[in-house]
Amino acid sequence: MKIAIMGSGGLGGYFGARLAQGGADVHFIARGKHLQAMRGNGLRIEGPEPIHLAKVHATDQPAEIGVADVVMLCVKLWDTEQAIAQIRPLVGPDTAVISFQNGVLKDQFLRAAFDERQLMGGVGYVATTIEAPGVIRQTGPMQRLLFGEFDGSRSPRGEALLAACLAGGIQAELSTDIRREIWQKFVFLVGLSGTTTTIRKPIGPIRSNPQTRAFLHDVMSEVVAVGRAHGVALPEDYAQVRLQLADDVSPDMTSSMHHDLQRGNRLEVRWLAGGVVELGKAKGVPTPLNRAIADILALHAEGGQP
Ligand SMILES: NC(=O)C1=CN([C@@H]2O[C@H](COP(=O)(O)OP(=O)(O)OC[C@H]3O[C@@H](n4cnc5c(N)ncnc54)[C@H](OP(=O)(O)O)[C@@H]3O)[C@@H](O)[C@H]2O)C=CC1
Ligand SMILES: CC(C)(CO)C(=O)C(=O)O
């Protein structure tokens, strides 16, 4: 199976490495020093289960790859438009384009660019970051990919991707309700990113302190209320279920947005807490905590000093 990874950082680099290790024909699209390092020394995953791929196919010219079976979109949300333009030569009539980016707005951009039958939905759970060019660091053992057709069918291409993931040791599932899965991840992610980035601590201390724990729960509750108002089948007390996941992950785990803040990068807050505020407004659902998170982080959203 020929798989192109558009954006080979924390998310794309990690899952691409596992897919390559499992025997898939993986092509990494990267740029800058990270690309140079991957070309020279391959790709290294550090963490609970280290991987070193001494040689990888890596390029900044997607057209060189040719048509792929699957294109995994793994760039930050602010890079989506440019990435979509660049992946066009990879997408044939039978290619599946899957965004594993965070948030619930990401697939709108793909729908505007591709035919609906070229798209599948996706969710990635992992805590990773580019530690140095060519090196991805994973914190904690959590790693999981969910993907599926938006019409709920178990398609041959979905089954083939599932087999490739399982061969690489990825905890993968072919979902028959991928929209709900995307929202379920959104609830957790908005809670984790909003709290870790504003409080500037990993999940361990946040979940242990009663006041910050309640804050985490209440931020997620707002996302649940917004999702339900938009017709997503989330139980009313779903924030409590997601709190359980926050209790299960490694205490030193933090969000990719917190990593971005620490490095002075841009933040995805506009699509995460900010997205909750916008989607809440559209249905008249109050979201004061997510509004506060977006407001607190506004001065950092475009990058600069943390
Ligand atoms: N990391 C994580 O733990 C998880 C992240 N996510 C989500 O996944 C998405 C990606 O996040 P993450 O992997 O952390 O981000 P990273 O910044 O680690 O990786 C993205 C990579 O894509 C590169 N890139 C962007 N545009 C292009 C382009 N046009 N051509 C070539 N390379 C490009 C970036 O280069 P450059 O640095 O030069 O911009 C960077 O190396 C986000 O939406 C995030 O929320 C989801 C689950 C877990
Ligand atoms: C919450 C987490 C770590 C889970 O995958 C994530 O998606 C992110 O921080 O971007």
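Hi everyone. Let's start where two parts of this protein meet: 18 residues of domain 1 are in contact with 17 residues of domain 2. Before I go on, please keep in mind that what you see on the screen is a predicted model.

So which parts of domain 1 form that contact? Strand 8 and strand 9, which is residues 135–148, each give two or more residues to the side of domain 1 that touches domain 2. Strand 8 gives the most to that side, with 5 residues. If you sort the residues on this side of domain 1 by character, you get 9 nonpolar, 8 polar and 1 charged.

Now let me step back to the domains themselves. The domain assignment of the chain gives domain 1 as residues 2–176 and domain 2 as residues 180–300. Their C-alpha centres lie 24 Å apart.

UniProt has something to say here too. Its unreviewed entry carries the annotation "domain: Ketopantoate reductase N-terminal" for residues 3–151. Over those residues the chain is 26% helix and 37% strand, and the C-alpha atoms at the two ends are 22 Å apart. The unreviewed entry also lists "domain: Ketopantoate reductase C-terminal", for residues 177–298. How much helix and how much strand does the span 177–298 have? It is 70% helix and 0% strand, and its end C-alpha atoms lie 34 Å apart.

Next, the ligands. Ligand 1 is surrounded by 29 residues, and the closest are Gly7, Gly9, Gly10, Gln101 and Asn102. Helix 1 (10–21), helix 2 (32–41), helix 3 and strand 8 are the elements that give two or more residues to this shell. Strand 8 gives the most here, with 6 residues. The shell around ligand 1 divides into 10 nonpolar, 14 polar and 5 charged residues.

Now find ligand 2. Around it you can pick out Asn102, Tyr125, Val126, Ala127, Leu189, Leu192, Ser193, Ser255 and Ser256. Strand 8, which runs over 119–132, and helix 6, which runs over 178–199, each supply at least two residues of that shell. In character, the shell around ligand 2 has 5 nonpolar residues, 4 polar ones and no charged ones. Where does ligand 2 lie with respect to domain 1 and domain 2? Both domains give residues to its shell, so ligand 2 lies between them.

Let's look at a couple of helices, starting with helix 4, residues 106–113. Its buried residues are Lys106, Asp107 and Leu110. Looking down the axis of helix 4, these buried residues fall within an arc of 85°, so they line one face of the helix. Over on the other side of helix 4, Gln108 and Ala112 are exposed. And what covers the buried residues of helix 4? The cover includes helix 3 (80–87), strand 7 (96–99) and strand 8.

Helix 9, residues 238–248, can be read in a similar way. Tyr238, Ala239, Arg242, Leu243 and Ala246 are buried there. Around the axis they cover an arc of only 145°, which puts them on the same side of helix 9. Turned away from that buried side is a face with the exposed residues Gln244, Asp247 and Asp248. The buried residues of helix 9 pack against helix 6, helix 7 (203–208) and helix 8.

I'd like to finish with two single residues. The first stop is Gly227, which sits in helix 8, residues 210–229. Is Gly227 buried or exposed? It has 26 C-beta neighbours inside 10 Å, so Gly227 counts as buried. If we leave aside neighbours within four places in sequence, Gly227 is in contact with Trp183, Val232 and Leu234. Gly227 and Gly280 are 53 residues apart in sequence, and in space they are 8.5 Å apart, C-alpha to C-alpha.

The other stop is Arg200, in the loop between helix 6 and helix 7. Arg200 is not a glycine, although it has a positive phi of about 65°. Is Arg200 buried or exposed? With 12 C-beta neighbours inside 10 Å, Arg200 counts as exposed.

If you take one element away with you, let it be strand 8. It gives the most to the side of domain 1 that touches domain 2, and it gives the most to the shell around ligand 1. Strand 8 also supplies at least two residues of the shell around ligand 2. Thanks for listening!

How values were computed. Residues are numbered from 1 along each chain as its sequence is written. Chains are lettered from A and ligands numbered from 1 in the order in which they are written. This is a predicted model: local features need pLDDT of at least 70, side-chain atom pairs count only at pLDDT 80 or more; totals for chains, interfaces and linings use all residues. UniProt positions are given in the numbering used here, feature names are shortened, and annotations may be inferred rather than shown by experiment. Helices (H or I, at least four residues) and strands (E, at least two) are DSSP runs, numbered from the N terminus. A residue is near a molecule or strand if its C-beta atom, placed from the backbone, lies within 6 Å of it. Ala, Val, Leu, Ile, Met, Phe, Trp, Tyr, Cys and Pro count as nonpolar, Asp, Glu, Lys and Arg as charged, and the others, Gly among them, as polar. Domain bounds come from an automatic or database domain assignment. A residue is buried if 20 or more other C-beta atoms lie within 10 Å of its own, exposed if 12 or fewer, and partly exposed in between; C-beta atoms are placed from the backbone. The arc is that of the directions from the helix axis to the C-beta atoms. Two residues are in contact if their C-beta atoms, placed from the backbone, lie within 7 Å.
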